[in-house]
Each structure stands twice: as C-alpha cells, then as structure tokens.
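Dear colleague,

I am handing over the structure below, and I would be grateful if you could look through it alongside the notes that follow.

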Amino acid sequence: MRIDVLTLFPNMINSYIGESIISRAIENKIIEVNVIDFRSFSASKHKKVDDSPYGGGSGMVLSVQPIHDCLISIEGYKEALKIMMTPQGKTYHQTDAYELTKVNHMIILCGHYEGYDERIRDLFDLEISIGDYVLTGGEIGALVLIDSISRLIPNVLNKGDSFKDDSFSSYMLEHPHYTRPQVFNGKAVPDVLLSGNHKEIEKWRQEQSLKRTKERRPDLLKRGDDNGKV
Ligand code: ADE
C-alpha cells in the first residue's frame with residue numbers, strides 16, 4: 001500500500017511513522033509513506049499557501065493552487081483514493097479502517113488554518129473526520145488513518161499480536177485482560193483464567209465483552225449485525 005501525505009508540517013508525520021510498528025512495516029516494504037510539503041508547490045513569491053476569506057471574517061483560508069499543483073505532481077494521482085482530513089467529514093470508525101485496507105494508493109490532505117477554499121473539496125473523493133472536535137490541523141487525523149489501517153495489513157503486527165479480538169472489530173468492546181502477578185494489592189486474577197479450561201475461558205470472555213459493551217458503549221450493539229455478533 002502506498003500513502004502520500006500532503007502537509008505543511010512534515011516532521012509531525014515523520015516523527016510518528018519513524019517509530020515502532022509503523023516504521024517496521026515501512027522498512028519491510030509492506031507500506032510506503034511519502035510525506036509531501038505542499039508549500040513547495042505555491043506559485044507565490046513568498047510561498048504563501050493561505051489567504052484571507054472573501055466576504056471578510058477572521059482567520060485564513062487554505063488556497064486551492066498549491067494543493068492542486070501538489071496533487072497533480074503525484075504519479076498515479078488520478079487512480080488514487082484522495083482523502084481530505086476535516087471535522088466536517090464522515091466520522092471515522094474501525095469498519096472504515098477495514099475498508100481502506102483494500103486501497104492500493106491513497107493520498108491524504110492535512111489542512112490547517114480556518115478552513116479550505118471550497119474548490120479544494122472538488123479535487124478529493126472523501127472527507128474524513130476523526131471525531132466531533134476541532135484540531136489545529138489534519139496531521140493527527142492522517143496518522144490515525146495510517147496507524148489503524150496499517151495494523152490490519154497482514155504481517156504488520158507480529159503473529160502473537162492479534163487484531164481479531166479488537167474492540168470495535170465486531171461491534172463489541174474487548175474483554176478484560178490480566179498478566180502476572182496473580183495477585184496485586186489484594187486484587188486477584190479471575191479463577192476461570194487460571195483453570196486451563198479453554199471453553200470456559202472463551203465463554204467468560206464473551207460474557208465480559210457483552211457486559212462491558214452494554215455498560216460503556218450500548219450504541220455499538222445497535223450498530224452491529226444480529227445485536228453485536230456474539
Ligand atoms: N482537522 C481538524 N479537526 C479535525 C478532525 N476532527 N478530524 C479530521 N481532521 C481535522
């Protein structure tokens with residue numbers, strides 16, 4: 001999978017993808033991430049990428065020219081899935097991460113300032129929001145996409161680090177986990193997990209998963225097929 005990230009702050013992206021699991025996936029050539037500073041495509045003398053809004057008002061608006069020119073410089077941009085990060089986009093869920101694993105080439109635009117010139121929207125296929133809050137820019141959102149999609153691609157996670165039981169992959173939150181010590185500050189690991197009875201353990205986990213989802217995120221159960229697929 002190839003991902004091109006258009007940003008004014010390449011270091012924000014590079015510092016995250018240069019660490020841990022994502023950097024290993026890049027090293028192993030499972031994913032390729034190109035970070036492009038779209039300021040360098042500005043046709044203005046001082047490499048301006050924003051301007052004041054027509055009609056007046058506070059804040060600056062991202063200009064269409066640098067983004068258009070940056071986009072068309074990317075090889076294969078016509079066929080790529082072009083995504084804009086914006087709080088006005090479709091709210092991102094785990095199901096979208098699964099869908100996006102099927103894409104060979106995506107281009108992600110990170111905005112800054114008050115907003116985008118509306119004509120930028122016409123250059124993109126999809127607008128994504130990572131939640132109902134406003135960030136200073138789209139970089140964190142782009143990283144959320146890169147991270148959540150990458151870990152679903154075969155061989156990105158180690159064999160032991162399964163994503164199959166992830167919260168949200170079946171509209172249920174994950175069951176509780178425990179590791180050593182068996183007792184900590186008087187709090188013991190549930191007996192069933194020490195029983196060695198795999199059928200009972202699985203049953204307990206499913207029950208806990210359902211209980212936790214009902215308590216914390218009942219809305220997820222409504223979203224799933226067949227009342228949550230358990
Ligand atoms: N840019 C600013 N806020 C954002 C959000 N919530 N999601 C995606 N991009 C954004």
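**Pockets, a helix pair and two backbone details**

The second largest pocket holds about 320 Å³ of space, in what is a predicted model. Its lining is made up of 18 residues, and those closest to the centre of this pocket are Asp51, Ser52, Tyr54, Ser63 and Asp117. If you wish to trace the lining by secondary structure, the elements that contribute two or more residues to it are β3 (50–51), β4 (61–62), α3 (64–72) and α5 (118–121). Sorted by class, the lining of the second largest pocket comprises seven nonpolar, five polar and six charged residues.

The largest pocket, for its part, has a volume of about 390 Å³. It is lined by 22 residues, of which Met85, Thr86, Pro87, Tyr116 and Leu135 are the closest to its centre. Two or more residues of that lining come from each of β5 (81–91), β7 (115–116) and β8 (126–129), and β5 gives the most, with four residues. As for the character of the lining of the largest pocket, nine of its residues are nonpolar, 11 are polar and two are charged.

Turning to helix packing, helix α1 (residues 10–17) packs with helix α6 (residues 139–150) at an angle of about 30°, and the axes of the two helices are 10 Å apart. Because of that angle, α1 can be described as roughly parallel to α6, for which the cut-off is an angle under 35 degrees. The crossing in which α1 passes α6 is right-handed. On the α1 side the contact involves Met12, Ile13, Tyr16 and Ile17, which meet Glu139, Ala142, Leu143 and Asp147 on the α6 side. By class, six nonpolar and two charged residues take part in this contact of α1 with α6, and no polar ones.

Two points in the backbone may also deserve your attention when you go through the loops. Arginine 180 and proline 181 are joined by a cis peptide bond, with omega at about 10°, and proline 181 lies in the loop between α6 and β9 (183–184). Lysine 47, a residue other than glycine, has a positive phi, near 55°, and lysine 47 is placed in the loop between β2 (32–37) and β3.

With best wishes

Key:
Residues are numbered from 1 along each chain as its sequence is written. This is a predicted model: local features need pLDDT of at least 70, side-chain atom pairs count only at pLDDT 80 or more; totals for chains, interfaces and linings use all residues. Side-chain values use heavy atoms; hydrogens and water are left out. Axes are lines fitted to C-alpha atoms, for helices over the stretch in contact, and angles run from 0 to 180 degrees between N-to-C directions. Angles under 35 degrees count as roughly parallel, over 145 as roughly antiparallel, 65 to 115 as roughly perpendicular and the rest as oblique. A crossing is left-handed if the near helix is turned anticlockwise from the far one by less than a right angle, and right-handed if clockwise. Contact means heavy atoms within 4.5 Å. Ala, Val, Leu, Ile, Met, Phe, Trp, Tyr, Cys and Pro count as nonpolar, Asp, Glu, Lys and Arg as charged, and the others, Gly among them, as polar. On a 1 Å grid over the protein atoms alone, a cavity is a set of points where a 1.4 Å probe fits but cannot get out, and a pocket is an open set with protein on both sides within 12 Å along at least five of seven lines; lining residues have an atom within 4 Å of a point. Grid points are joined across faces, edges and corners, and a volume is the space filled by probe spheres set on the points.
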